[in-house]
Amino acid sequence: MFLRNYWYVAASDDEVTRKPLGRIILGEPVVLFRTEDGAPVALENRCAHRHLPLSMGKLIGDTLQCHYHGLRYDKTGVCVRVPGQDMIPPSARVKCYPVVERYHWLWIWMGDPALADPDRITDYHWLDDPNWGAKPQYLHVKANWQLIVDNLLDLTHLAFVHETTIGNSALVEHASVKVQRSHDNVLVTRWIIDQAPPPTFVKVGGFTGNVDRWQIIDFTPPAFLRLDVGATPTGTGAPEGRRVGGISMRNLNAITPETESTSHYFWGQAHDFDIHNPATTDKVVEQIRTAFHEDVAVFEAQQRNLELVPNPPQTDINADTGVIQARRILDRLHQEERAAAAVAPSVAAE
Amino acid sequence: MSLKFRVELVWKDTDDSVADSIYLASDGRVILQGRAVSPLERQAMSLPPEAELISVDRKLIRAIKDML
């Protein structure tokens, strides 16, 4: 079950080249490539003739030629050449998806093209902002996308899954958590005051004593989670808004469902210290990547269990509050999108 | 006293107005924010004279229905 009328990240900008890239998004096969002038294109990755993925073919100018029988499609998905015959059947076309290149990512709209407003793309400016050091990353996950969303909205797991990097017990035992729910947003704010910094913060921030640490998680549907995280030496005023002498980072997550049981996990880590030093960016990203691989092991193990026994009962605890609010918003949006889709054919017929 | 884990829930309406907070305590209690009901109000509305009563905003009820 996917929300379709949203922008999703389809690829990082450097993945999309003159060599066609095949990718499954929301259960649909998509092929991505660039025209000769560099513009990105996204088409249905299935030849209208005999269903071979067009990503196995090659670009001839700005047309994509199928590897099987040589049918060629232009950048709008219309077949413009059938080898050996002059007449091109009108049904020889494939879907064309709106795409926008922004924040080093290629965004795709899988729903009604008439609704594809680029102003609705979620803000990830930290990834290409000159005032931040940043590096986008990608992970393929063999688990449903909502498990990743759940994980990012409840960071108490850091104390157990990531105790060698970004977690410690203070996250659970000494945290004040505020969950703000509005119509289409959940904001989880967590402060951990006057506690020891986790190993990663010691490595990249050089802390020698206790810190005041914050984690502010901004959830926007369907699966965009932007985390404002950092720490300053205890008592220097971060809770009151004076972030001095410490480190501030943005952990930026955009999850794109591949299928019901697999996900494209696009993420990036931006930092506001030593921003022009690639070695610092690499060090920060490496720490987070280590932690994220620990998360992936958890997601995939959860998924395996869920496939053995679908929809088992589960117990909720206080820490799930942000997760529960996000799921309620998603449930409502699914209902709204289904209702709109049910009405659409009769409207079109009028 | 060191702070134990607790969650504050805040519900925001579409007009950006905010309901009073709901607190989930680590001992299992749900703590609501409200105003104590005065002896005069108890008398006027025939409310129990001894019970610990609080008056809460209707927006908080909406928050409880939506969030808990």
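This is a short walk through two sheet regions, the main nonpolar core and the contact between chains A and B.

Hi everyone, thanks for coming. Please keep in mind as we go that this is a predicted model.

Let's start with a small sheet in chain A. Three strands make up an open sheet there, in the order 1-11-10, and the pairing is antiparallel. Which strands stand at the edges? They are strand 1, residues 7–12, and strand 10, residues 99–102, of chain A; each has a single partner strand, so one side of each is left without a neighbour in the sheet. On average, neighbouring strands of this sheet are turned by 35 degrees against each other, direction ignored. If you zoom in on strands 10 and 11 of chain A, four bridges join them, with strand 11 covering residues 105–109. One pair to look for is A:Val100 with its bridge partner A:Trp107 in strand 11.

Now for the core. The largest nonpolar core has 94 residues, and A:Ala10 and A:Ile108 have the most contacts inside it. Where does this core lie? Domain 1 (7–120) and domain 2 (125–333) of chain A both contribute residues, so the core lies between them. As a general reminder, nonpolar side chains in soluble globular proteins tend to be buried together. If you click on A:Ala10, you'll find that among the residues it touches, leaving out those up to four places away in sequence, are A:Ile25, A:Val30, A:Trp107, A:Ile108 and A:Thr256.

Two of those names take us to the next stop, a hairpin. Strand 2, residues 21–25, and strand 3, residues 28–34, of chain A run antiparallel and are joined by five bridges. A:Ile24 stands opposite A:Pro29 in strand 3. The hairpin has two residues between its strands, and A:Leu26 in the turn has a positive phi of about 50 degrees.

Last, let's bring in chain B. Each side of the contact can be counted: 15 residues come from chain A and 15 residues from chain B. On the chain A side, the elements giving two or more residues are helix 3 (170–173), strand 13 (175–182) and helix 6 (321–349). Strand 13 gives the most, with eight residues. By type, the chain A side divides into four nonpolar, eight polar and three charged residues.

And how does strand 13 of chain A pair with strand 1 of chain B, parallel or antiparallel? The two pair in the parallel sense over six bridges, with strand 1 of chain B spanning residues 6–11. To find the spot on screen, look for A:Lys178, whose bridge partner in that strand is B:Glu8.

That's my tour, and I'm happy to take questions.

Terms used. Residues numbered from 1 in each chain as written. Chains lettered and ligands numbered in written order. Predicted model: local features only at pLDDT ≥ 70, side-chain atom pairs only at ≥ 80, totals over all residues. Pairing = 2+ DSSP bridges. Axes fitted to C-alpha atoms, helices over the stretch in contact; angles between N-to-C directions. Core = buried A, V, L, I, M, F, W, Y, C linked by C-beta atoms within 7 Å. Buried ≥ 20, exposed ≤ 12 C-beta atoms within 10 Å, placed from the backbone. Domains from an automatic or database assignment. Contact = placed C-beta atoms within 7 Å. Nonpolar A, V, L, I, M, F, W, Y, C, P; charged D, E, K, R; others polar.
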